[in-house]
Amino acid sequence: MAKKEGWRGRFYEDFEVGDVYEHPLGRTVTTTDNIWFTLLTQNSAPIHFDHHYASQTEFGRPLVDSTFTLALVTGQSVTDVSQNVFANLGWDEVRLPAPLFEGDTVYSRSEVLSKRESRSRPEVGIVEVRTEGYKQDGTVVISFRRTLMVYKRDHAPRIPCLSPPARG
């Protein structure tokens, strides 16, 4: 049996301007996700955690905390965009064009907008992507630009791949 290395993510050299990555995992947002994230971040807006209050708004139900949406969609992109990140440099142009509700399932994709060598760190390059999160009916619920430093292939720290002891 041949042992094969698993997916290690993209390194700086693997990015090409114009490439689009359809991130593989969707995620259904639960009431628990929304309430816990809202309360963990000390967001006191009842539109996120008080169903009675939210029922009186034009939405008629709780809105998912927008910072949860940003965190979720960023997380969904990691396997394709930032598995080998040195550092995130920023999120720009964050837009929330449609509401996200508990029970919606979020999917996402990213497009490579630019890449360049780092001027100060030869072991990394700088990549900029545009990421969109959309729900099950295709409605875009968030978009943003993200800039990050990504390790070059020969400079990334290695994740140890430990094997169980041989059976004897």
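# Notebook: strands, cores and salt bridges

**Entry 1. Strands E5 and E6.** I began with a pair of facing residues and found valine 127 opposite leucine 148 in E6. The model I am reading is predicted. I then looked up the strands around this pair. Strand E5 (residues 124–135) runs antiparallel to E6, and the two are paired over 11 bridges. The hairpin of E5 and E6 has four residues between the strands, and glycine 138 in this hairpin has a positive phi near 90°.

**Entry 2. The other partner of E6.** I checked E3 next. E3 and E6 are also antiparallel, with seven bridges between them. Here I noted aspartate 92, which stands opposite arginine 145 in E6. How many of the 12 residues of E6 are buried? I read 10 of 12, so E6 is mostly covered, a residue being buried when its relative accessible area is under 20%.

**Entry 3. Nonpolar cores.** I looked up where buried nonpolar side chains join. The largest nonpolar core has 11 residues, among them Val29, Phe68, Leu72, Val106, Val141 and Phe144. Helix H3 and strand E6 each give this core at least two residues. A second core, separate from this one, has nine residues, including Val81, Val127, Val129 and Leu148. I note that Val127 and Leu148, listed in that second core, are the facing pair of my first entry. As a general remark, nonpolar side chains in soluble globular proteins tend to be buried together.

I then took one member of the largest core, Val106, and listed its contacts. Apart from neighbours within four places in sequence, valine 106 is in contact with Leu25, Gly26, Arg27, Val29, Leu72, Val73, Gln76, Leu100 and Tyr134. Among these contacts, Val29, Leu72, Val73 and Leu100 are also in the list for the largest core.

**Entry 4. Threonine 105.** I moved to threonine 105, which is in strand E4 (residues 105–117). Is threonine 105 buried or exposed? It counts as buried, because its relative accessibility is 14% and the cut-off for buried is under 20%. Its side chain makes a polar contact with the side chain of threonine 28, at 2.6 Å. Leaving out neighbours within four places in sequence, I listed the contacts of threonine 105 as Gly26, Arg27, Thr28, Tyr134, Lys135 and Gln136.

**Entry 5. Leucine 113.** I stayed in strand E4, where leucine 113 also lies. Not counting residues up to four places away in sequence, leucine 113 touches Val17, Glu128, Val129, Arg130 and Arg145. I also looked up its distance to threonine 67, which is 46 residues away along the chain; the C-alpha atoms are separated by 23 Å.

**Entry 6. Helix H1.** I turned to helix H1 (residues 31–40), where Asp33, Asn34 and Thr38 are buried. These residues lie on the same side of H1, because the arc they cover around the axis is only 115°. Trp36 and Leu40, on the other side of H1, are exposed. What do the buried residues of H1 pack against? They pack against strand E2 (27–28) and helix H3 (66–82). Just after H1, I found glutamine 42 with a positive phi of about 60°.

**Entry 7. Salt bridges.** I searched the whole structure for salt bridges and got nine. Side chains of opposite charge can pair when their charged atoms come close. I wrote down three of the pairs.

- Arginine 153 bridges to aspartate 14, with the closest N and O atoms 2.5 Å apart. Arginine 153 is in the segment after strand E6 (140–151) and aspartate 14 in the segment before strand E1 (20–22), so this pair ties together parts 139 residues apart in sequence. Arginine 153 is partly exposed, at 37% relative accessible area, and aspartate 14 is partly exposed at 28%.
- Arginine 27 and aspartate 33 meet through their side chains at 2.6 Å, N to O. Arginine 27 counts as partly exposed at 32% relative accessibility, whereas aspartate 33 counts as buried at 16%.
- Arginine 145 bridges to glutamate 93, with the closest N and O atoms 4.0 Å apart. This pair links distant parts of the chain, arginine 145 in strand E6 and glutamate 93 in strand E3 (residues 85–95), 52 residues apart. Glutamate 93 counts as partly exposed, at 46% relative accessibility.

I closed with the network: Glu93, Glu128 and Arg145 are linked by salt bridges. Of these, Glu128 and Arg145 are also touched by leucine 113.

How values were computed. Residues numbered from 1 in each chain as written. Predicted model: local features only at pLDDT ≥ 70, side-chain atom pairs only at ≥ 80, totals over all residues. Heavy atoms only, no water. Buried < 20%, exposed > 50% of the residue type's maximum accessible area, 1.4 Å probe, protein only. Polar contact = N/O pair within 3.5 Å; in protein donor to acceptor, adjacent residues only side chain to side chain. Contact = heavy atoms within 4.5 Å. Arc of directions from axis to C-beta. Core = buried A, V, L, I, M, F, W, Y, C linked by side-chain atoms within 4.5 Å. Pairing = 2+ DSSP bridges.
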